[in-house]
Amino acid sequence: MVDQPRIQPMIFRGVVVLAFGVILANLFYMQVIKREEFRAQATGNVEVETRVRAPRGNITDRDGAVLADNVFRSSVVLQRGCLTDAGPDSTLTMLMEWFGLDPESTLERLARQKAAGRPQLTLVSDAGMAQIALVRENARRLPGVSVDAKPWRRYPRGPLFAHLIGYTGEVTAEEVERFRDLDPEFPRYLSGDTIGREGLEATLEDTLRGRDGLHVREVDALGVEVGQSRLVSRELIPGHDVRLTLSAALQESLSVAMAGRPGCAVALELPTGDVLAAVSLPTYDANLFTRGISLEDWESLRNDPEHPLLNRLVQATYPPASPYKIVTSLCALSHGVATPGTSLDPCFGGYRFGNRVFRCWKLSGHGYLNHAGALVHSCDVFYYQVVQLLDLEALKRTALLLGLGQRTGVPLRGEAAGIVPDSAWYDERYGKGRWTRGVLLNNSIGQGEILVTPLQMAVLTARVALGDAALQPRLVADDGPPPPPVPLPFKASDLNWVRDTMHQVVDMGTGTRAQLEAVDVSGKTGTAQNPHGEDHAWFVCFAPSSDPQVAMAVILEHAGHGGAVAAPVAASWLADYFEWRERGEVRP
Amino acid sequence: MKLVLPRKSSGGSAGFLALYALLCLFSLAVLWSVTEGLHGSYQEVAPVVSKTVFWRQVVWILLGWTALLTAMRLPLHLLEESAPLLFGLTLAVLALVLVAAPEVAGSRRWFALGPVRIQPSEPAKIMLILMLARVLGRSAPGDQRLLPLAGSALLMMAPLALVLKEPDLGTSLVFLAIWLGIVFWYGLSWVVLLCTASPLLSAGFSFYSERILMGQPWPWAVYLLVLLAALSVARFRLLESILLLLVNIASGIGTSVFWAGLKGYQQARILSFFQPEKYPQGAGYQAIQSKIAIGSGGVFGTQYLQGTQKGLAFLPERHTDFIFSVVGEELGLVGAAALLAIFLTLILKGVTVATKARRPFNALLAIGVVTYFTFHVVVNISITTGLMPVTGLPLPFMSYGGSNFLVSSFMLGLLINVGSRSFES
């Protein structure tokens, strides 16, 4: 290699000298020509812009009782860079020693946060006074370490309102980025911020959040604030408080009446449609989520066979069963195929249609009954016969008028529309001509493919009680006046007959266990056949019968007969409601 | 009386040893200051880096001398013979790091042995130099074919990929630099070198077109035309030319597909690497603080032990990767230039050793070591002075840290070893 003259050593030396020359020239430029500029930066003060978080609005019940508010908790946070050197002498190691944290698990936790793209890492999320004082006193020895006072969401009645109010969580890196794309100058969320995840917290996010402010302050070279003046470059707008239509006391009462059994119960105030109470069981504690739920808690909630995370009020659908006979009766009356006095073939516990026998729930049969008797005693055979004079489309039109088959539009996530089938629906489901008119018979008693949510059943009951087709459930009290009533397109006499008959149901029919001393109740029981186990128990009602003030729907899963189990739940709540109203503790 | 002169064949070992001793003392002086904390108007500020760092470095320096003296005396042919074995072992350990090392801050880089951390990617630099020197030292020089070159490139890619996976971008670039230095010395024409590096260039041009020009493919297209011209000038086999062109097109298109597949914040993270000023948090903040420290040092510095920026809010690596900013601040242009002079002398002496080496293996070994020092010194100082984007790379002999100090010492030992054999047959 040394034998022939080579050009490489020359080039190599040239490149090295050139590189060192550039570095030296740059040093000369920085340290001699630009020196004063850098010196000023090293010793001078700089303006630093800080963001001031807007407090999130509180959520209260109709009487102002707090259901969701904020508490301040301090956390000790680090810059991401602190994690690059976890050596024996680093700030981080020192802190872990002071706080008595286990280095291994702490480092792992921080690394996870870093991997999640957080610019700041939370070392201690709920720091005590001693820890805060330690960091504050040694601020200058702990570069990159700060105490971050941050509002945490608190739900004083966590499990009682979890399905309605929902919960908040920390924004993800993706969400931060998405909102930054919308408004790059003032991104709506920064990492570490809170965002509504479920329930009203999520749907009312825009109202509750407010707008963060920007303050400018002067700091010296060591990052210590100097001067007192804080300039505001963008005004802070606090989040709005939201008042709900719910009443904490009535919610508690309804929850007690349910006695922890899986199911759902809801009560609407009439004629406003305000939701006074709505319980979905089993439930969970919303406070678990605000600080970041642990994996174990999350898994156990998610894998619970009774689905505590499911909001049965709007997300679960059931066959409406016998309360649906109200729809069939109204449909028959309005189409003129039956009158209150109509009598058909007697019930012997079943009805032969083609080569199939459709059973009545009462296997011994009801014998001779007219239309009124059939609704009071819930005779299936009568409805099997009367529905044959109607068709699926007519039934569906009536059901839609009463609020089934469509979302009620309450501000809750994942609301189901339910199903009210017509011929086209069956054609699509089974193929044209591959289903028989037998489905009509199932439909007439609210079985088969019909599915409704508990809230829809409460709306149906309220609409029948008021004769108002425009009634909608409302959760937020400040939403303005309810929409003006629109009369249901039924004859007043027909509606009155249905209401009277519902009163008889409670007076002498299947719903006698909903009777109250002080108030007349009108209702309808139901027992939804359930191929997967014990039947679901339904009860819908309104009260007082003569001047309806509240409408309710109750369903208890796998609980048996509606009259036996669901009606007492309604009665218990109605008793509280009217007693408290009497005493002036509940205002309409 | 006969004057006893040092043996000529010592190849200037005395000079090297003097430079080494100078650097060790320089390092200790700066580390003492870093661990001393702030004075003057910032008196109440206690040191953030503890004195332990200084005393540990004293121990490392003692061990470093041992490593250097050992490397000076090792029989080089033995190293050449065992290079494949050592290299294979290194790859195995690097792979083991990915599986078994503790994950810290999202990366796996070192094993803990008692109180000491061993970072296997450091000795891997030595093993790569030995392996490349052996492989290329035995093949005929001046071979203009791409294939032997591609073979050495593959050897280099193995540790590079493993270290990149840790992930440690800075160290993996060192492997690339070492390979370039050795291959350059080996005597390939610039055309061949450029063609070998071309897929990287293609990716770079594609990224530039996609990102900076918002989807204008012209720079990349022009680059491909230039490459085509270069290929027609170089007399490769047709198959090799076509293959090279295809690899270029694939890497260019792959880059833009990869970029488009990234999420917004991931793209921002990559862009912040290239434009730290726009992202004054994290890495960008370090670079800015380092520049302020050096700039405010002036010609004579703020005097030893008097720097203000070294303790400033946030330079977590000021005793390791950013130690040069303390030199620049406290000792000024004079101190920084003195340090540069020491390094430049060391590197130029190293080039001389490589030039005078008798055997190809020795020459390539020497130039590999020289390239290693050059890359570390130039890139580290460029980062601290804001000429290059921030990535973790220590300043040899100066930065606190055992693995790099021992490896650098051993490498210098090998260089002296080669120099002392310049006149062997």
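I looked up the open sheet of chain A in this predicted model. Five strands form this sheet, in the order β12-β11-β17-β16-β15, and the pairing is antiparallel. I took strands (E, at least two residues) and helices (H or I, at least four) as DSSP runs, numbered from the N terminus; two strands pair if DSSP finds at least two bridges between them.

The edge strands of chain A are β12 (275-281) and β15 (522-528), each pairing on one side only. Neighbouring strands in the sheet are turned by 5° against each other on average, direction ignored. Axes are lines fitted to C-alpha atoms, for helices over the stretch in contact, and angles run from 0 to 180 degrees between N-to-C directions.

I next checked β11 (residues 263-269) and β17 (residues 550-556) of chain A, which pair in the antiparallel sense over seven bridges. A:E269 has A:V550 in β17(A) as its bridge partner.

Helix α22 (residues 562-582) of chain A packs on the sheet and touches β11, β15, β16 (536-543) and β17 of chain A. Its direction makes about 35° with that of β16(A). Contact means C-beta atoms, placed from the backbone, within 7 Å.

For chain A as a whole I noted 22 helices and 17 strands. Of its 588 residues, 41% count as buried, that is, with 20 or more other C-beta atoms, placed from the backbone, within 10 Å of their own (exposed: 12 or fewer; partly exposed: in between).

Residues are numbered from 1 along each chain as its sequence is written, and chains are lettered from A and ligands numbered from 1 in the order written. Local features need pLDDT of at least 70, side-chain atom pairs count only at pLDDT 80 or more, and totals for chains, interfaces and linings use all residues.

Key
Two residues are in contact if their C-beta atoms, placed from the backbone, lie within 7 Å.
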